[in-house]
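Me: I would like to learn how to read a protein structure one feature at a time. Could you take me through this one?

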Amino acid sequence: MWTTGRLSKLTGIPARTLQEWSKKPKTSTRGKTSGSGILPATTNPGNGYRLFDEDSLYDILVIKLAKEAGLQDAQIRDITMPKTKGRPMADAYIERLLRKRCEIDRKIEIARTISFVERTKIFSLRADCETEDARGLEGLMASELVDCIA
């Protein structure tokens, strides 16, 4: 079992972040929420320190990947926190991540297409100012654009 400080040193994640992740979510009277409750921890009854086991390393990896994928704390909590009938199935987590990955891949493809169109337009403007030889290359770029759209 590791304390928050030791786990912080092992993972490189600030202790404050680990504390926030392991604190149960609470909403104050002013409506401010503290704690995300996405990292399971036990409490040492002798001193009140949070303690983490080897599963915490796996949970931290899952949390980091899920956050990078854009999942919200409530979604991450469904993955990492034990339920009354056991942990949720890994398949559900993998399915969520795959959906998010497809969404991200689609956005990347759109960005690449936009970049290609911008380069094609710049090349086309340069070709208008240069010799007729450059016009043959412009046609090649246009055919690549058609392939990209299809």
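Reply: Let us begin with an idea that we shall need for the core: a nonpolar core is a set of buried Ala, Val, Leu, Ile, Met, Phe, Trp, Tyr and Cys residues joined through side-chain atoms within 4.5 Å. Please keep in mind throughout that this is a predicted model.

Me: Which residues of the largest nonpolar core touch the most other members?

Reply: In soluble globular proteins, nonpolar side chains tend to be buried together. Here the largest nonpolar core has 14 residues, and those that touch the most other members are Leu18, Trp21, Leu39, Ile60, Ile63 and Ile76. Two or more residues of this core come from each of α2 (15-22), α3 (54-68) and α4 (73-80), and α3 gives the largest share, with four residues.

Me: How should I place those elements within the chain, and in what order do the elements run from the N terminus on?

Reply: It helps to list the helices and strands before looking at any single residue. The chain has six helices and five strands, and read from the N terminus on they follow the order β-α-α-β-β-β-β-α-α-α-α. Among the contacts with a separation of 6 or more, 46% join residues that stand 24 or more positions apart.

Me: With which residues is Leu39 in contact, leaving aside its neighbours within four places in sequence?

Reply: Leu39, one of the core residues named above, is in contact with Leu18, Trp21, Ser22, Phe52, Ser56, Asp59, Ile60, Ile63, Thr80 and Met81, once neighbours within four places in sequence are left aside. Ser56, which is found in helix α3, in turn has contacts with Leu7, Leu39 and Pro40 under that reading.

Me: Why does Ser56 count as buried?

Reply: A residue is called buried when its relative accessible area is under 20%. Ser56 counts as buried because its relative accessibility is 1%. Thr4, in helix α1 (residues 4-11), is likewise called buried because its relative accessible area is 9%. Setting aside neighbours within four places in sequence, Thr4 is in contact with Ala15, Leu18, Gln19, Arg50 and Phe52. For the chain as a whole, buried residues make up 23% of the 150 residues, while the exposed area is about 10,700 Å², of which carbon and sulfur atoms supply 56%.

Me: Is a residue in a loop, such as Leu71, buried or exposed?

Reply: One should consult the accessible area rather than the kind of element. Leu71 is found in the loop between α3 and α4, and it is buried, with a relative accessible area of 10%. Beyond its neighbours within four places in sequence, Leu71 is in contact with Ala66, Ile76, Ile79, Arg96 and Leu97. Leu71 and Lys100 are 29 residues apart in sequence, and their C-alpha atoms are 8.4 Å apart in space.

Me: How far apart in space are Leu51 and Trp2, C-alpha to C-alpha?

Reply: Distance along the sequence and distance in space should be read separately. Leu51 and Trp2 are 49 residues apart in sequence, yet 5.4 Å apart in space, C-alpha to C-alpha. Leu51 has its place in strand β5 (residues 50-52), and at 18% relative accessibility it counts as buried. Not counting residues up to four places away in sequence, Leu51 touches Met1, Trp2, Thr3, Ala41, Thr42 and Asn44.

Me: Finally, how many residues line the largest pocket?

Reply: For a pocket, one may look at its volume and then at its lining. The largest pocket holds about 230 Å³ of space and is lined by 13 residues, with Ser22, Lys23, Lys24, Ala41 and Arg50 nearest its centre. The lining divides into five nonpolar, four polar and four charged residues.

Terms used:
Residues numbered from 1 in each chain as written. Predicted model: local features only at pLDDT ≥ 70, side-chain atom pairs only at ≥ 80, totals over all residues. Heavy atoms only, no water. 1 Å grid on protein atoms, 1.4 Å probe; cavity = no way out; pocket = protein on both sides within 12 Å on 5 of 7 lines; lining within 4 Å. Points joined across faces, edges and corners; volume = space filled by probe spheres on them. Nonpolar A, V, L, I, M, F, W, Y, C, P; charged D, E, K, R; others polar. Buried < 20%, exposed > 50% of the residue type's maximum accessible area, 1.4 Å probe, protein only. Contact = heavy atoms within 4.5 Å. Areas by Shrake-Rupley, 256 points an atom, 1.4 Å probe, with all protein chains shown as cover.
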